[in-house]
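Open your viewer, load the model and keep the selection panel handy. We will go from stop to stop, and at each one you will hear what to pick and what to look for.

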Amino acid sequence: MQQHSQATGAVKRGIPGQLRRRSAQALWGMLGSGVLLAGCAESVQNAPASRPMSMPQGVAMASSAVVYGQAPRPVPQEARAAVVAARSAMQSRQWDALPGYAAQAQGDHELGSYPMYWYLRQMLNDPAQPVPTQQIYTFLQQNKNPYLENRLKSDWILASAKQGDFDTIRRIGSVASRTSEVDCAILQARFLGNGQVSAAQALAVFKPGDACWSMLQQLTAAKVVTYEHLEPLLRDAVEYDSKASARRYAALAFSPAGLSSYDAIMANPMGWLAGQSGSADGELQELRALAFSRLARQDRDGGSVYLEQQGGALLSERNRQWAWTQFGLIAALNLEARADGWYRKAGQGFRLSDYNHAWRTRMALRQPTIDWKWVEQTIRMMGAEQQKEPVWVYWYARARAAQGDMGGATSAWQSILYDHGFYGQLATEALGRKISVPPQPAEPTAAEINKAMTHEGLQRAIALFRLGWRPEAVGEWGFAIRGMNDRELMAAAEWALREQVYDRTINTSMLTKNDFNFRQRYLAPFEGRVSQQARAVGVDPAWVYGLIRQESRFVTVARSSVGAAGLMQVMPGTAQLVARKLGLSYSAASAHDFDTNTLLGTSYLKMTLDDLDGSQVLATAGYNAGPNRARRWRDSLTQPLEGAIFAETIPFTETRLYVKHVISNATWYAASFTGQSQSIVDRLGKVMP
């Protein structure tokens, strides 16, 4: 099933009785004096401005909250109930009720800051509301939650950027954990303040988004970012078919006349190219190159002929080379063997995106007879950082070994043994070793776990998990574990395991650098019930566990953006289909039921496996992208293909990564369950046409 975005399963608790009402003026007066009493019904922006609170020159002060403090201690029931009621009010958009709940929640030392944060966040996100500067500053003075301090400052920065208030952004300063949008707003504020921002700094943080587009436009207008900086961004966006982003880059890069030509190219590249003749440079030359890129998507057959005939006359040598890679890429994504020939025709010595570099190598690997020297050359054409990725180190080593350089191959394979994933496992076997669970480090001690339980950020996260508020809980947890060493991470993961928060156990343990606790990383919860169900339908339990680990991280309430539900992320339509075949009644209400979800998921996996020749690689791809797509990818073959190459050349990025993760997971689970060494090569097998 498709990757999920976990949804909250809010626990309904009692709502306190009628809150006493006070005016916003009175409430914020008490806040300003350090005293928070009862709530208010009025919106705080109605408070008179007769005594405005002074805006500090810098509010990016470090939080005074203690990281490690007391062991978990009881929270007053009334205060926690106010927090629960506040979240219900927030979800139903009853914003004016939140300050009142905030007053009653102050006794909740774990979550008491949330109601006022939700209120202030809403005010910042509402363009019709003025930025509540005084109230924010009061909250930052009194709040004891560094995660919410960081979030509110980030929200404040973005709201100020939307209003063009860059003076405030400079006074806020930096924040501890930033998004690209916040980084862009901070850089734009710095540029408007002292001009000390380079194109390299801007492009290092840029990602499409409102604040980043605003920064890029500002720096382009000031000629800090030039056409030379915009060209690769524009080309990559056109290549990747990111139409909205490409159009915005084009608007920054081209003159009005050039932009009009760009729009014509996107609609009808061949029609526009037909009107071109003779040599060209500058803007017109770039437009011609983009036209051939677009033509590759619309008409590979006719377009490649036209490029062969007219490319020399219409394009510079560099752009002609790049144009051939555009035809190569689209052919590669359709698994056409001719892609390799088009890539070879392009040659080398010009800039190419990492994405296209990767597909050039993949198509070299997918040829009926692999030219390993060409595989090596395509990898050497990549940038230095891309060449270091385990995937390309592994295939580079394979290329060296195929050409007789076993010393170079061995050295390369040994360099990625630190990677316990797909390519680290393949490298292990390439070195003549079997895959076994590595020696376990010393388990977290009682003292280490008890120390983790005094971490105030982790306490807040666990409290949120217990309420079922996963979005808030995951944010708190991630903020809390920043900077932890291996022992601290394993202790935190162990507390999460005790709380049955399995996804945080895995993800936290995966962050360790030197100690690798596979009991945590590849945990197998639910006391064998998954294995029992897998055996009942006739599929490998290790494979099922590997799939669940990738699908849901064992979060039973997981639900994806497209509706896939439960441990095995079963889509509603798939669930109904499988239920009918099994003669079961099914309703959406049972989607997260453990037994129902695992029965339907394992049964569907078995059906997919049987339908795809018993290949775990094909069936895993089919489970994620649909059996028909997996079948089409198999049918593109003209001869048997090594399973690792098939997995690496799956054209859907999500499915390609998914298959590699699931097969790697399954290999580790099999080693753990059986106590015997394993072979990922055998598990991958060969994919038959």
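This is a predicted model, and our tour begins at R683. Select R683 and show its surroundings: leaving aside neighbours within four places in sequence, it is in contact with D540, A542, W543, Q616, I663, A666, T667, A670 and Q678. R683 sits in helix α39, which covers residues 680–684. Is R683 buried or exposed? It is buried, because its relative accessible area is 15%, and the cut-off for buried is under 20%.

**Colour by domain**

Now zoom out and colour the chain by its four ranges: domain 1 (77–201), domain 2 (226–351), domain 3 (446–516) and domain 4 (529–687). If you place a marker at the centres of domain 1 and domain 2, taken over C-alpha atoms, the two markers will be 44 Å apart.

**Helix α8**

Next, select residues 180–194, which form helix α8. Draw a line between its end C-alpha atoms and you should read 21 Å; this agrees with the 21 Å expected for 15 residues at 1.5 Å a residue. Just after the helix, click on G195, which takes a positive phi of about 75°.

Which residues of α8 are buried? They are E181, V182, D183, C184, A185, I186, L187, Q188, A189 and F191. To see what covers them, switch on α6 (146–162), α7 (166–172), α9 (199–205) and α10 (210–221), which are among the covering elements.

**Q188, inside the helix**

Stay in α8 and pick Q188. Q188 counts as buried because its relative accessibility is 4%. What does its side chain meet there? One partner is the side chain of S214, joined to that of Q188 by a polar contact of 3.0 Å. Look also at M215, whose backbone nitrogen lies 3.3 Å from a polar atom of the Q188 side chain. Beyond the residues within four places in sequence, the contacts of Q188 are F166, A211, S214, M215 and Q218.

**The disulfide**

Show cysteine side chains as sticks. How many disulfides does a search of the whole structure find? It finds one, and this bond joins C184 to C212 with an S to S distance of 2.1 Å. The link is right-handed, with 85° about the S-S bond. It ties together distant parts of the chain, since C184 belongs to helix α8 and C212 to helix α10, 28 residues apart. Both C184 and C212 are buried.

**The nonpolar cores**

In soluble globular proteins, nonpolar side chains tend to be buried together. Here the largest nonpolar core has 118 residues, and the members that touch the most others are L234, Y262, F292, L458 and W477. Select Y262 to explore it: outside its neighbours within four places in sequence, Y262 is in contact with L234, V238, A246, R247, A250, F254, L287 and L290. A second, separate core holds 80 residues, including F422, L523, V570 and I663. You have met I663 already, as one of the contacts of R683.

**Last stop: G538**

Finish at G538, in the loop between α31 (529–537) and α32 (541–551). G538 counts as partly exposed because its relative accessibility is 43%. For a last distance, pick the C-alpha atoms of G538 and Q459: they are 79 residues apart along the chain and separated by 42 Å.

How values were computed. Residues numbered from 1 in each chain as written. Predicted model: local features only at pLDDT ≥ 70, side-chain atom pairs only at ≥ 80, totals over all residues. Heavy atoms only, no water. Helix = DSSP H or I, 4+ residues; strand = E, 2+ residues; numbered from the N terminus. Buried < 20%, exposed > 50% of the residue type's maximum accessible area, 1.4 Å probe, protein only. Polar contact = N/O pair within 3.5 Å; in protein donor to acceptor, adjacent residues only side chain to side chain. Contact = heavy atoms within 4.5 Å. Domains from an automatic or database assignment. Expected span 1.5 Å × (residues − 1). Core = buried A, V, L, I, M, F, W, Y, C linked by side-chain atoms within 4.5 Å. Disulfide = S-S within 2.5 Å.
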